[in-house]
Structure formats: C-alpha cells, structure tokens
Amino acid sequence: MSLSIRNLKKSYVEPGGRRLPILNVDSFDIADAEQVVLIGSSGGGKTTLLNVIAGVTTADSGQVVIDGTDVTKLPEAGRDRFRALRIGYVFQTFNLLPAFTALENVLLGMSFGGRKADRPHARELLKRVGLEHRLDHRPAKLSVGEQQRVAVARALANRPSLLLADEPTANVDTANQENVLKLIREACTENGVSLMMVTHSQDVASQFDRIETLSDFNKPEAAE
Amino acid sequence: MNLLAIAFKSLKQRALSSSLTALSVALGIMLVVSVLVVNSVVDNTFNQKSVGVSLLIGPRGSDLGNVLSAVYRIGKPAENLPWRVLTEDLPNAAKRIGGVKDASDIIDWAIPMTMGDVTQEGSFPVLGTTPKYFKMEYASGKKFQKKGELPVNSFDAIIGSQVARENGWDISSQFSLIHGGADGHVHDEKFTVVGLLAPTGTANDRTVFVNIEGFFLISGHEKPPEDAISRLREFGYEVTPEQEAVIREAAGGHDHHDHAGHDHGAHAPHPIPDDLKEVSFILVRTKSSTASIMLAGELNEGMRAQAVNPIIVISRLMKLFVGNTRKLLLFLTALIVVVAGIGIFVSIYNSMSDRKREIAIMRALGASRVTVFSIILGESLLLCLGGGILGLLMGHGLVVVAAPLIESQAGIMVNPWSFDVMELVLFPILIGMATLVGFLPGLTAYRTDVADSLND
C-alpha cells in the first residue's frame, strides 16, 4: 500500500466564526509496507491528519491517495466503506465497545465492510496477541495492556493495507508499551501493512527507521 | 455480526433499563391482548350466531330484558304469559300471513320456557321446558351433547356442565328449588338429575332444565282458577262461562298433594289444564328470516306479549353498549402502549449522549451513518417486539389465570388460547411505533460527528 498526500489543507471554524487552519501539507508519502512514526507538539494536527487520511474528517482541499484511490474524492459512504475495508485504526484510548467481548470487538471490526465475519481469523488474531484465553471477556474484565492488544487485533481484523495508530502506547505501562509496539510492528511486517503511528514518546519514536515531525511538512496558514 | 445482534448487545449492556422499558411495552400489550380476548368472548357469547332462535315471545316491556333473561339467563322475566299465546296466538298469527295455511308452513318449532326459580344449592336458574329444547341447535351448527337422558318424566332434570361441576351433581342427584316469588320459600318437590349436558360455552352451562310439566306440578306454580280466568281476560282472551266452568272443574280435579319424598316417576303425572299454565317465554324458529319478520309483525299487533328477533336486540346491545365499551377499553389500552412507546423513546434518547463515543467508534471502524441509524432503530424494534411477544404471552397467561374466575362468576367460558386476528395487527403497529420512537435517537446517531466524539 502506498499513501500519497498532496496540497492537503484542513481548517476548523471556531465558535466565534474564526477560521483556524490546522493542516497545510504540500507533499507527504508512505511507501508500501513502510513504517513511519509521526511526532509533533500537542494540538499540532497529528490526530487531524490521521482522521483526514482515514476519511473520518474531510479535507478542505488537496488529495489523499491510498493505493490509487483519492479518499477526498469519495462520498461519505464511500469513505466509510473504504475505511472499513482498507484501513485499520488504533486509538490512544483503545475505544473498545464495552458491551462486546474481546472476540466480538474484533468481529465488529469486520462487520461494516460488507464482508462475512471471519470468526477463525478473529480468534487467530487474538491468539496472535496472546489473548486466546480471554476471548469471551468484556473490556471491563481486561487489563489496560490486554485492552490495547484487543484494539490492535481489531484494527488488523479486516486485513487492512494501512494501519493508523494514534498514540497507542500512551495509556499503557512501560512493560506493555514494548509489547504493544512490538505487536503492532510485527503484525504490520508480517502482513505487509503500511504503518503510520503518532507518538509523543521519544523512546517509541527512536525504534522506527523513519521519523517524521509534523511541523517539518505541515505549514498551516495563520488564523483569519 | 449483523446489525440486530449489535443492537441486542447494546441493549444487553443496559440490561436493567432495557428490561424495564420492554416490560412497560409488555404490560401495555398484555392489557390489549386481555381486552381482545375478553372482547372475543363477549362477541361469541352475544354474537347473533350463538342464538339459534328466530323469534323470542315474551312479556311486553324491555325487549333487551326479555333476551337477556331468556337467552342469557340474566335477570328474571317481568311477568308470565297465558299458555294460549303458545297454543292460539302463535298459530293464528302465522295463519294471518298471506299464503300460510298452517303454522307449520313457516314455523319449524316453538318451545315454551318457564323461569323464575333457582336451585337451592348454588342459586342456578331453573328453566322448565320440553325435551324439544335439546334437539335445537344452541348455536349455529352446534347441537347439545349429553350424558344420560332428557327430562321426559315430570320431575326429571338435566343440568348444565357448570352446575354439575360446581354443585358436584351427577346422574341421580336430587335437588330442591327456591321459589322465584317474593317469599322465596324452598319448594317441597325434589327433582332428580337424569342427564348432564356437555359444556356449550353458553348460559345453558349454568342452567338447570326441568320438565315443564313437573315445573307446573310444583305447588304454587299453576294459577288458581280465579287468577287464571282474570289473567286471560286481562290479556284480552274470551273466556266463556262454559270455559270458565271447565277451568274450575279441571283445577278442582287437580290434586295438590305433597310431592316431597316419593318417586314421581313411578306414576303418571297429573295433567295440568292449559288455562292454568303460564309461560315465561316462547322460543320460535321460523323457516326463513322473512317469515320471522312477518310473524313478529303479526304477533306484535294487538297482543299483550311482544315478539322480538333476539339477533336484532343483541346487535343493538353490541353496537350501543358493548361495542362502545370495547372501543373505550381498546383506546385506553392503546394509550398505555403509546405511553410505553414514549418510554422507549426516552430510554433510548437519554442513552444517546452516553453513547456518542460508542457510535463514533463504530463509525471509525467503517460503519456508515445509515448503519448506526439502523442499529438504533434495531434497538427500538427489539424492545417493542420483545415487549410485544412477552406481552402477548402475559396477556394469554392472565386470561389463563382469570378464566376459571370469569367462568365461576359470570358463567362465561373463556378459552385463553383463542387467538384474535387483531393480535396479529398488533405487530405491524408495534413495528410502526418502534420506527417512530427510534427515529429521533437514530437521527442523533446518524448526525454524530466522529472526530469530535472520539476526541471528547
């Protein structure tokens, strides 16, 4: 999978009506199966960039081309479907659904793309993250580290070609940080998945070959 | 995982709130089902099809009172009629209709009924009639089934199923009657049960039928000659001095001995002169509905009795009273269901603010706006339909519990598992209601901003 961003602009309108530019990216690329870590100051637009790439938020202008598909040109339903089939998303706060067991949370990741839920694959993913004995446990019964592992398994459930991870290790302890990071990177390597991970941790960032600082390629205009 | 499964999981997460909401729907539906079942029973009980009679001849006054008394055994007859109504007026009225030479041209049968007394045990109404009563259809296409014999002898009786069950009577049981007059004394004469009727689901189940001749043989039931003559004249019948003499002679010849304590079947019954007998009602079955209308017209002209078609009277009752009561009950129960629907709306709508993040997560995983809208609608559907099915079972369950009570108190047989077609209509209504109450919360889910909600 390759990601190519050109002339991307995104701004928010504040309650007072003031336009607040967040993103202004001339060019940014990720190669097939490449793993990139993105660092930057808080409020700099890292999460917004991930949301625009995932099609959760629309860009004001520009292109986000994933495997030849310009996500910005897709209608909302098309972006939803594209996200469901091609993009995995790991959140900082895991965002597991409390009503569902670990296995069901992973199956849920397969439910919205129109494909049939692949239960053996979901089990295999949870086994891969060391949770084969916790399949039927709900998030409330899982430790923080286990919850994040379920979130990783869910993000990989649809065999995505791009995995977006927004500070996935921020809420886990040091020991689990290593495990989660290792898990995400290994899973991406094994499955040829491109990875774009946001982090504030220099320790985490230092483990990546390619480290990008948002401010280096994002030059938002001044607020109007 | 399909959308309904996801919706079910979300409801399960809020188990207590979901259960209580579904229960409120269930209670509403339970009441609707109970009303429908009871309504269906009332319909069957009072429906025209359950009256296999074309005309009911009774005392002038309330036609509804006559029908309730004669057919449904509710209340007593206002007064009795001379026997001549049966033997003279009825055939004469038939013959006055153009083209009718003999009463049997238009009349299938005419059955006299005498009423007023009740059993000493259980206070069941006692009806004196002829064995012909049991040959007629008590409802359309339904004939009496019995165990034992018909009351052929004067002091024979056949009893309805409810009487047998509640009084514990069987064949050869003996019983006494309480006089229906003002004094309410217990008659000395004892009747013997010779037959048991199978359940019919009609007022016959709680009726004791005695041979009409035996009814007149009870001391005090036949008219004294003076009263009989005066009543005949009151009704406009001519009583010649010769007839008067015959009446007095016949009455004098009838020996009023004590009937208690000996077997009346062992000797021939004393013949009672017709002019000393009275009849409460006469059930008439005509050969056609036109004949029924014409005969009623003839009978009602100039006679002190009145002939009504019970079907018309009951239809009027159903339309004016029962029908409106049914509508009111259904309206009230429908209101309960609507309130339950509002409960579902409030429950789901209130949960939406807590579930914005949950919805945003699903959207981030690729669920479209329509998908999350459908999930919320699915929750509303599950609550309504789940509550509806539970309510349906609870409604019939309630009737199962209440059926014996209704039967013992009102003498109406209730089949708790009888299914009213209207119950099927409930489900499309519930689906409509679910869509309506789920729409606004669904719209909230539809409009959820993913990025904002994930960042909250």
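## Helix H5 of chain A

Helix H5 of chain A covers residues 144-156, 13 residues in all, and spans 19 Å from its first C-alpha to its last, close to the 18 Å expected at 1.5 Å a residue. The model described here is a predicted one. H5(A) is mostly covered, with 11 of its 13 residues buried. The buried residues include charged-type names such as Glu146(A), Arg149(A) and Arg154(A) as well as Val150(A), Ala151(A), Val152(A) and Leu156(A).

Several elements of chain A cover the buried residues of H5(A), among them strand S6 (87-90), helix H3, helix H4 (119-128), strand S7 (162-166) and helix H6 (174-191). One residue of the helix, Val152(A), is in contact with Val90(A), Val129(A), Val180(A), Leu183(A), Ile184(A) and Ala187(A), leaving aside neighbours within four places in sequence.

## Helix H3 of chain A

Helix H3 of chain A is largely enclosed by the rest of the structure, because 10 of its 10 residues are buried. Among them are Leu103(A), Val106(A), Leu107(A), Leu108(A) and Met110(A), together with Glu104(A), Asn105(A) and Ser111(A). The cover over the buried residues of H3(A) includes H4 and H5 of chain A.

## The two chains in outline

Chain A contains eight helices and nine strands. It has 224 residues, of which 48% count as buried. Of the contacts in chain A with a separation of 6 or more, 73% are between residues 24 or more positions apart.

Chain B has 14 helices and 15 strands. Buried residues account for 44% of its 456 residues. Among contacts in chain B between residues at least 6 apart in sequence, 78% join residues at least 24 apart.

## Where the chains meet

The contact between the chains involves 23 residues of chain A and 16 residues of chain B. On the chain A side, the elements giving two or more residues are helix H2 (76-86) and helix H3 (102-111). By class, that side of chain A has 13 nonpolar, six polar and four charged residues.

## Nonpolar cores

In soluble globular proteins, nonpolar side chains tend to be buried together. The largest nonpolar core here has 115 residues, and those with the most contacts inside it are Val106(A), Val152(A), Leu164(A) and Ile184(A). The element that gives the most to this core is helix H2 (residues 15-46) of chain B, with 13 residues. A second, separate core has 69 residues, including Leu90(B), Phe216(B), Ala305(B) and Ile314(B).

Two of the residues named for the largest core, Val106(A) and Val152(A), belong to helices already described: Val106(A) is buried in H3(A), and Val152(A) is buried in H5(A). Ile184(A) is also among the contacts of Val152(A).

## A four-stranded sheet in chain B

Four strands of chain B form an open sheet in the order S3-S14-S1-S15, with antiparallel pairing. Its edge strands are strand S3 (107-113) and strand S15 (305-308) of chain B, each of which pairs on one side only. From one strand to the next the twist averages 20 degrees.

S3(B) and S14(B) pair in the antiparallel sense over six bridges. At this pairing, Met113(B) stands opposite Phe281(B) in S14(B). S3(B) is mostly covered, as five of its seven residues are buried. Strand S1 (residues 55-59) of chain B is joined to strand S14 (residues 281-286) of chain B by three bridges, and the two run antiparallel. The bridge partner of Leu56(B) in S14(B) is Leu283(B).

## Helices across the sheet

Helix H4 (residues 84-96) of chain B lies across S1, S3, S14 and S15 of chain B, and runs at about 155 degrees to S3(B). Helix H9 (residues 289-300) of chain B lies across S1, S14 and S15 of chain B, running at about 165 degrees to S15(B).

## Gly148 of chain B

Gly148(B) is part of strand S8 (residues 146-148) of chain B. Is this residue buried, exposed or in between? Gly148(B) counts as partly exposed because 16 other C-beta atoms lie within 10 Å, where 20 or more would make a residue buried and 12 or fewer exposed.

Not counting residues up to four places away in sequence, Gly148(B) touches Ile171(B), Val194(B), Gly195(B) and Leu196(B). The C-alpha atoms of Gly148(B) and Gly195(B) are separated by 4.2 Å, although the two residues are 47 residues apart along the chain.

Methods:
Residues numbered from 1 in each chain as written. Chains lettered and ligands numbered in written order. Predicted model: local features only at pLDDT ≥ 70, side-chain atom pairs only at ≥ 80, totals over all residues. Contact = placed C-beta atoms within 7 Å. Nonpolar A, V, L, I, M, F, W, Y, C, P; charged D, E, K, R; others polar. Core = buried A, V, L, I, M, F, W, Y, C linked by C-beta atoms within 7 Å. Pairing = 2+ DSSP bridges. Axes fitted to C-alpha atoms, helices over the stretch in contact; angles between N-to-C directions. Expected span 1.5 Å × (residues − 1).
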